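Open the model in your viewer and keep the sequence panel beside it. The stops below say what to select and what is found there.

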Amino acid sequence: MAEALDVHYMTVYRYVREGMLPATRVNRSWQIKRTDLKEFESARAGNSKQVGQSASKTSRKARHGARDTAPWVERVVSRLVEGDERGSLKVLEAALRSGHDIHGIYIDVLLPSLVAIGDLWHRQKIDIYVEHRASVIIIRLISQISPRFLRRGLDRGTIIVGAPVGEEHSVGISIIADLLRYEGWNVFNLGANLPASEFAKVVENTQDLVAVCVVATMADSLVETSKSISAIRKVAHRDIKCFVGGAAIKSNVHAQKLGADHWVANPRDFFVSLDLLSSKAG
Ligand code: B12
């Protein structure tokens, strides 16, 4: 393989580990399909837009630190599907070196990678265990990356995030919780499957609370989302804002029907809304 590409074998290994060259592990070695090799070679020659932008030594974009999202997502997904945690981390590190900040890594690379994994599973292109393994790897990647971005000294108040009873999807919440910490908020991440009465308790017991966000990924969770918001409303001071987020909520009108003050369509909107809240309070 190294001869075919005219590079050192360690370089080929790096191409594989960083997700530039698709490969499958067989026993203790990596196998590369002839078609993938051809595509990679033409990308290196600058002929392929898809792989070339991220892989090619001659690619102008790669040399100038392009922050293109799609190749990074493809590369992370290719490592996740193989269960290759170290390789996934290497891709993220390469993305950081190319100019992505922590928001870019989380919102533009990791979240779409999760969605892509879900799509592969939905189309029966990967087994359920592959999807589970990928979710766990993502959780482990977050725990390895987030300490590098800890910012001390900011104290903007506390935000509570969590998902209601029956809702097991929590990876997205962890990603957003991390970014909120980076933005200077103290975060109580309650994870998945929290009863409405517990949402109320934590709200009652939290000093300097600014907002609560109830997250619903599946339509089946909407009834419990609404119950959680009612329980929060009963105990929360009127200055505390109640947000809803997640793929199950489709509009502001929908959010208000559930009893929330605001809908957050995506994490960046959430940060902007919180900034506005704190500037009003300030
Ligand atoms: C990982 C995963 C799992 C893991 C979860 C592990 C964990 N600890 O989180 C496990 C294996 C447990 C799982 C189980 C199931 N899952 Co699942 N899962 C996924 C997958 C692949 C990723 C979920 C995820 O984290 N996405 C990342 C999030 C953040 O993306 P998003 O929801 O689109 O969010 C965007 C916005 O809504 C917003 N946002 C989201 N959350 C928040 C929160 C805040 C605070 C803010 C501000 C914004 C915000 O930001 C995002 C980017 O813009 C998705 C695929 C997908 N398309 O998402 C399926 C998916 C969500 N699962 C699905 C299904 C059907 C299931 C199961 C029913 C499967 C089964 N038969 O058992 C169970 C249900 C379990 C339960 N009771 O909840 C369906 C849901 C279909 C639906 N619309 O209801 C999906 C969409 C897969 C599919 N294509 O069909 N799943």
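Start with Val-161, which sits in strand β3. Helices (H or I, at least four residues) and strands (E, at least two) are DSSP runs, numbered from the N terminus. Residue numbers run from 1 along each chain as its sequence is written. The model is a predicted one, so local features need pLDDT of at least 70 and side-chain atom pairs count only at pLDDT 80 or more, while totals for chains, interfaces and linings use all residues.

Is Val-161 buried or exposed? Val-161 counts as buried, because it has 25 C-beta neighbours inside 10 Å. Here a residue is buried if 20 or more other C-beta atoms lie within 10 Å of its own, exposed if 12 or fewer, and partly exposed in between, with C-beta atoms placed from the backbone.

Now select the partners of Val-161. Neighbours within four places in sequence aside, Val-161 is in contact with Ile-173, Ile-176, Ala-177, Val-187, Asn-189, Leu-190, Cys-213 and Val-215. Contact means that the C-beta atoms of two residues, placed from the backbone, lie within 7 Å. Add Phe-199 to the selection: its C-alpha atom is separated by 9.5 Å from that of Val-161, and the two are 38 residues apart along the chain.

**The whole chain**

Zoom out. The protein chain has 14 helices and seven strands. Of its 282 residues, 37% are buried. Among contacts in the chain with a separation of 6 or more, 64% are between residues 24 or more positions apart.

**The cores**

Select Val-161, Val-212, Cys-213, Phe-243 and Val-244: these have the most contacts inside the largest nonpolar core, which has 59 residues. A nonpolar core is a set of buried Ala, Val, Leu, Ile, Met, Phe, Trp, Tyr and Cys residues joined through C-beta atoms within 7 Å. Helix α8 gives the largest share of this core, seven residues. At least three residues of the core come from each of domain 2 (67–149) and domain 3 (153–281), with domain bounds taken from an automatic or database domain assignment.

Stay with Cys-213. Apart from neighbours within four places in sequence, Cys-213 is in contact with Ile-159, Val-161, Phe-243, Val-244, Gly-245, Val-264 and Phe-270. Another core, of seven residues, lies apart from the largest one; Val-16, Met-20, Leu-21 and Ala-23 are among its members.

From Val-16, go to Ser-78 in helix α6 (residues 70–81). Ser-78 and Val-16 are 9.6 Å apart in space, C-alpha to C-alpha, and 62 residues apart in sequence. Ser-78 counts as buried, because it has 23 C-beta neighbours inside 10 Å.

**Helix α11**

Select residues 196–204, which form helix α11. Ala-196, Phe-199 and Val-203 are its buried residues. Seen down the axis of α11, these buried residues fall within an arc of 55 degrees, so they line one face of the helix; the arc is that of the directions from the helix axis to the C-beta atoms. The face turned away from the buried side carries the exposed residues Ser-197 and Glu-204. Show β3 (158–162), β5 and α12 (222–235) as well, since what covers the buried residues of α11 includes them.

**Helix α8 and the ligand**

Next, select Ile-107 in helix α8. Ile-107 is buried, with 20 other C-beta atoms within 10 Å. Leaving aside neighbours within four places in sequence, Ile-107 is in contact with Pro-267 and Arg-268.

Which residues come nearest to the ligand? Of the 32 residues around the ligand, they are Gly-118, Glu-168, Gly-172, Gly-245 and Phe-270. A residue belongs near the ligand if its C-beta atom, placed from the backbone, lies within 6 Å of it. Two or more residues of this shell come from each of α8 (102–122), α9 (128–145), α10 (171–182), β5 (209–215) and α14 (267–281). The largest share, seven residues, is from α8.

Colour the shell by residue class: 16 are nonpolar, 12 polar and four charged. Ala, Val, Leu, Ile, Met, Phe, Trp, Tyr, Cys and Pro count as nonpolar, Asp, Glu, Lys and Arg as charged, and the others, Gly among them, as polar.

**Two loop residues**

End with Gln-124, in the loop between α8 and α9. Phi of Gln-124 is near 55 degrees, a positive value in a residue other than glycine. Asp-208, in the loop between α11 and β5, also has a positive phi, of about 45 degrees.
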